[in-house]
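Hi everyone, thanks for coming. Let me put the structure up so we can walk through it together.

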Amino acid sequence: CASHLTIQALIRTYPQALDQKDKYGKTPRYWVKKKKMDNRSEWFLKKPTLYWTNYLLMEARRTNEETRVKMIALGEEVSTLKNKVKELETFIYSAVEYMDNR
(Lines give C-alpha, C1' and ligand atoms only; values in the text may rest on other atoms or scores of the structure.)
Protein backbone atom coordinates (compact mmCIF):
# COMPACT_ATOMS: atom_id res chain seq x y z
CA CYS A 1 0.00 0.00 0.00
CA ALA A 2 1.13 3.56 -0.65
CA SER A 3 2.55 5.54 2.25
CA HIS A 4 0.62 8.45 3.69
CA LEU A 5 3.21 10.79 2.17
CA THR A 6 2.48 9.45 -1.31
CA ILE A 7 -1.25 9.74 -0.76
CA GLN A 8 -0.86 13.27 0.58
CA ALA A 9 1.25 14.26 -2.45
CA LEU A 10 -1.35 12.85 -4.83
CA ILE A 11 -4.19 14.64 -3.04
CA ARG A 12 -2.24 17.92 -3.10
CA THR A 13 -1.70 17.50 -6.84
CA TYR A 14 -5.22 16.48 -7.76
CA PRO A 15 -7.74 16.30 -4.88
CA GLN A 16 -10.59 15.56 -7.31
CA ALA A 17 -8.96 12.16 -7.89
CA LEU A 18 -10.63 11.07 -4.65
CA ASP A 19 -13.90 11.04 -6.58
CA GLN A 20 -12.57 9.30 -9.69
CA LYS A 21 -13.71 5.74 -10.21
CA ASP A 22 -11.32 3.00 -11.24
CA LYS A 23 -12.03 0.18 -13.69
CA TYR A 24 -14.09 -1.54 -10.97
CA GLY A 25 -16.24 1.55 -10.48
CA LYS A 26 -14.71 2.28 -7.06
CA THR A 27 -13.16 5.48 -5.73
CA PRO A 28 -9.99 5.53 -3.60
CA ARG A 29 -12.17 5.92 -0.51
CA TYR A 30 -13.73 2.51 -1.17
CA TRP A 31 -10.32 0.86 -0.99
CA VAL A 32 -9.72 2.24 2.51
CA LYS A 33 -12.22 -0.37 3.72
CA LYS A 34 -10.63 -3.18 1.72
CA LYS A 35 -6.91 -2.53 2.14
CA LYS A 36 -4.96 -2.31 5.35
CA MET A 37 -3.73 1.29 5.59
CA ASP A 38 -2.03 3.31 8.26
CA ASN A 39 -4.17 5.79 10.20
CA ARG A 40 -2.85 8.85 8.37
CA SER A 41 -3.57 7.36 4.95
CA GLU A 42 -7.10 6.52 6.06
CA TRP A 43 -7.56 10.02 7.46
CA PHE A 44 -6.38 11.63 4.19
CA LEU A 45 -8.66 9.47 2.08
CA LYS A 46 -11.72 9.84 4.28
CA LYS A 47 -11.72 13.63 4.14
CA PRO A 48 -14.17 15.00 1.55
CA THR A 49 -12.78 16.50 -1.63
CA LEU A 50 -14.18 19.89 -0.65
CA TYR A 51 -12.08 19.77 2.53
CA TRP A 52 -8.93 19.30 0.43
CA THR A 53 -9.78 21.92 -2.18
CA ASN A 54 -10.54 24.47 0.57
CA TYR A 55 -7.41 23.51 2.50
CA LEU A 56 -5.23 23.88 -0.60
CA LEU A 57 -6.87 27.20 -1.46
CA MET A 58 -6.23 28.56 2.05
CA GLU A 59 -2.65 27.30 1.89
CA ALA A 60 -2.11 29.04 -1.46
CA ARG A 61 -3.57 32.28 -0.11
CA ARG A 62 -1.31 32.10 2.94
CA THR A 63 1.71 31.49 0.71
CA ASN A 64 0.70 34.40 -1.55
CA GLU A 65 0.36 36.68 1.47
CA GLU A 66 3.77 35.62 2.81
CA THR A 67 5.28 36.29 -0.62
CA ARG A 68 3.58 39.70 -0.79
CA VAL A 69 4.98 40.66 2.63
CA LYS A 70 8.48 39.54 1.56
CA MET A 71 8.20 41.55 -1.66
CA ILE A 72 7.23 44.68 0.29
CA ALA A 73 10.18 44.18 2.65
CA LEU A 74 12.55 43.70 -0.30
CA GLY A 75 11.18 46.83 -1.94
CA GLU A 76 11.84 48.80 1.24
CA GLU A 77 15.36 47.37 1.44
CA VAL A 78 16.06 48.34 -2.18
CA SER A 79 14.81 51.86 -1.46
CA THR A 80 17.08 52.12 1.60
CA LEU A 81 20.07 50.89 -0.41
CA LYS A 82 19.35 53.39 -3.20
CA ASN A 83 19.33 56.20 -0.62
CA LYS A 84 22.65 54.99 0.80
CA VAL A 85 24.17 54.90 -2.69
CA LYS A 86 22.98 58.49 -3.31
CA GLU A 87 24.54 59.59 0.01
CA LEU A 88 27.83 57.91 -0.88
CA GLU A 89 27.82 59.47 -4.36
CA THR A 90 27.25 62.90 -2.83
CA PHE A 91 30.08 62.33 -0.36
CA ILE A 92 32.46 61.15 -3.12
CA TYR A 93 31.61 64.14 -5.35
CA SER A 94 32.18 66.50 -2.43
CA ALA A 95 35.51 64.84 -1.62
CA VAL A 96 36.66 65.02 -5.25
CA GLU A 97 35.59 68.67 -5.49
CA TYR A 98 37.44 69.46 -2.25
CA MET A 99 40.60 67.74 -3.53
CA ASP A 100 40.39 69.61 -6.87
CA ASN A 101 40.09 72.99 -5.13
CA ARG A 102 43.11 72.55 -2.89
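I'll talk about two buried residues and then a patch on the surface.

A quick word on the ground rules. This is a predicted model, so local features need pLDDT of at least 70 and side-chain atom pairs count only at pLDDT 80 or more, while totals for chains, interfaces and linings use all residues. Residues are numbered from 1 along each chain as its sequence is written, and side-chain values use heavy atoms, with hydrogens and water left out.

Let's start with Ser41, which sits in helix α3, residues 39–46. Helices here are DSSP runs of H or I with at least four residues, numbered from the N terminus. Is Ser41 buried or exposed? Ser41 counts as buried because its relative accessible area is 0%; buried means under 20%, exposed over 50%, and partly exposed in between, with a 1.4 Å probe and protein chains only. Setting aside residues up to four places away in sequence, Ser41 touches Ala2, Ser3, His4 and Ile7, where contact means heavy atoms within 4.5 Å.

Next, Trp52 in helix α4. Trp52 is buried too, at 4% relative accessible area. Beyond its neighbours within four places in sequence, Trp52 contacts Ile11, Pro15, Leu18, Trp43, Phe44 and Lys47. Take Ile11: the two residues are 41 apart along the chain, yet their C-alpha atoms are separated by 7.5 Å.

Finally, the surface. Val96, also in helix α4 (residues 49–100), is partly exposed because its relative accessibility is 42%. Together with Leu88, Phe91 and Ile92, Val96 forms a nonpolar surface patch of about 410 Å² accessible area. Such patches join nonpolar side chains (Val, Leu, Ile, Met, Phe, Trp, Tyr) within 5 Å, from residues with over 30% relative accessible area and no salt bridge, that is, no side-chain nitrogen of Lys or Arg within 4 Å of a carboxyl oxygen of Asp or Glu. The areas come from the Shrake-Rupley method with a 1.4 Å probe, and for residues only the protein chains shown count as cover.

Notes. Patches are made of residues with over 30% relative accessible area and no salt bridge: like charges are joined within 9 Å, nonpolar side chains (Val, Leu, Ile, Met, Phe, Trp, Tyr) within 5 Å. Helices (H or I, at least four residues) and strands (E, at least two) are DSSP runs, numbered from the N terminus.
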